[in-house]
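Subject: A structure for you to explore

Hello,

Here is the structure I promised to pass on to you. Have a look at it first, and then read my notes below.

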Amino acid sequence: MAAAGSGFEDPPADVLDRAAAAFGLLASPARLHIVWALAQGESDVSGLAERVGGALPAVSQHLTKLKLAGLVGSRREGRRQVYYVDDPDVVDVVRLLVGRLTDQAAPPRRRLHGL
């Protein structure tokens, strides 16, 4: 099904449902912060809890939801579970949006007259 006059086809309903679910998961500031932190590098749950300022059980629950959605993966290193972003496209979307919002929030640079 094509959108009127655009030349692009609308995605199937199941794709829109999955995208909405992924965006819904990222709508939580805590989960978004976790994905942001993991986009910078792998971490275990205690390192993430310290970085995002969350309680260990809460961060663990967020990681479980992100993992079930396929946004985050994990592997065992000895007794530790190490988490990473499992979808590089999610990293791109998060970095783009957070970067733009950060730029918009920055005070405008003042120009020196006569230079």
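The notes that follow go through the helix packing, then one arginine, and then the salt bridges.

Please keep in mind that this is a predicted model.

**How the helices pack**

A good place to begin is helix α4, which covers residues 56-68. Helix α2, made of residues 29-40, packs against α4 with the two axes 10 Å apart and an angle of about 75 degrees between them. Since angles from 65 to 115 degrees count as roughly perpendicular, that is the word for how α2 lies relative to α4. If you want to find the contact on your screen, pick out A30, R31, I34, V35 and L38 on the α2 side, and V59, H62, L63, K65 and L66 on the α4 side. Of the residues in this contact, seven are nonpolar, one is polar and two are charged.

Helix α3, residues 45-52, also meets α4: their axes come within 9 Å and cross at roughly 110 degrees. This pair is therefore roughly perpendicular too. Here V45, S46, L48, A49 and V52 of α3 touch L56, V59, S60 and L63 of α4. The residues of this contact comprise seven nonpolar and two polar ones, with no charged residue.

V59 and L63 are worth clicking on, as these α4 residues appear in the contact with α2 and again in the contact with α3.

**An arginine to look at**

Now go back to R31 in α2. Is R31 buried or exposed? R31 is buried, and yet it has no salt bridge. The nearest side chain of opposite charge belongs to D87, and that is 15 Å away. What does R31 touch, then, beyond its neighbours within four places in sequence? Its contacts there are G24, L25, H62, K65 and L66. H62, K65 and L66 are α4 residues that take part in the packing of α2 with α4.

**The salt bridges**

How many salt bridges turn up in a search of the whole structure? There are five, and I will describe some of them.

One of them joins R18 and D14, with 3.8 Å from N to O. Both sit in helix α1 (residues 13-26), and because they are four residues apart there, about one helical turn separates them. R18 counts as exposed because its relative accessibility is 57%, while D14, at 45%, counts as partly exposed.

Another links R80 and D44, at 3.5 Å from N to O. This pair ties together distant parts of the chain, since R80 lies in strand β3 (residues 80-85) and D44 in strand β1 (residues 43-44), 36 residues apart. R80 is partly exposed, at 40% relative accessible area, whereas D44 is buried, at 15%.

R75 and E77 form a salt bridge as well, with an N to O distance of 2.8 Å. R75 is partly exposed at 31% relative accessibility, and so is E77, with a relative accessible area of 36%.

Finally, look at how some of these bridges join up. E42, D44, R75, E77 and R80 are linked in a network of salt bridges. That network takes in the R80 and D44 pair and the R75 and E77 pair.

Enjoy exploring, and write back with any questions!

Best wishes

Note on methods
Residues are numbered from 1 along each chain as its sequence is written. This is a predicted model: local features need pLDDT of at least 70, side-chain atom pairs count only at pLDDT 80 or more; totals for chains, interfaces and linings use all residues. Side-chain values use heavy atoms; hydrogens and water are left out. Helices (H or I, at least four residues) and strands (E, at least two) are DSSP runs, numbered from the N terminus. Buried means under 20% relative accessible area, exposed over 50%, partly exposed in between (1.4 Å probe, protein chains only). Lys and Arg count as positive and Asp and Glu as negative; His and the chain ends are not counted. A salt bridge is a side-chain nitrogen of Lys or Arg within 4 Å of a carboxyl oxygen of Asp or Glu. Contact means heavy atoms within 4.5 Å. Axes are lines fitted to C-alpha atoms, for helices over the stretch in contact, and angles run from 0 to 180 degrees between N-to-C directions. Angles under 35 degrees count as roughly parallel, over 145 as roughly antiparallel, 65 to 115 as roughly perpendicular and the rest as oblique. Ala, Val, Leu, Ile, Met, Phe, Trp, Tyr, Cys and Pro count as nonpolar, Asp, Glu, Lys and Arg as charged, and the others, Gly among them, as polar.
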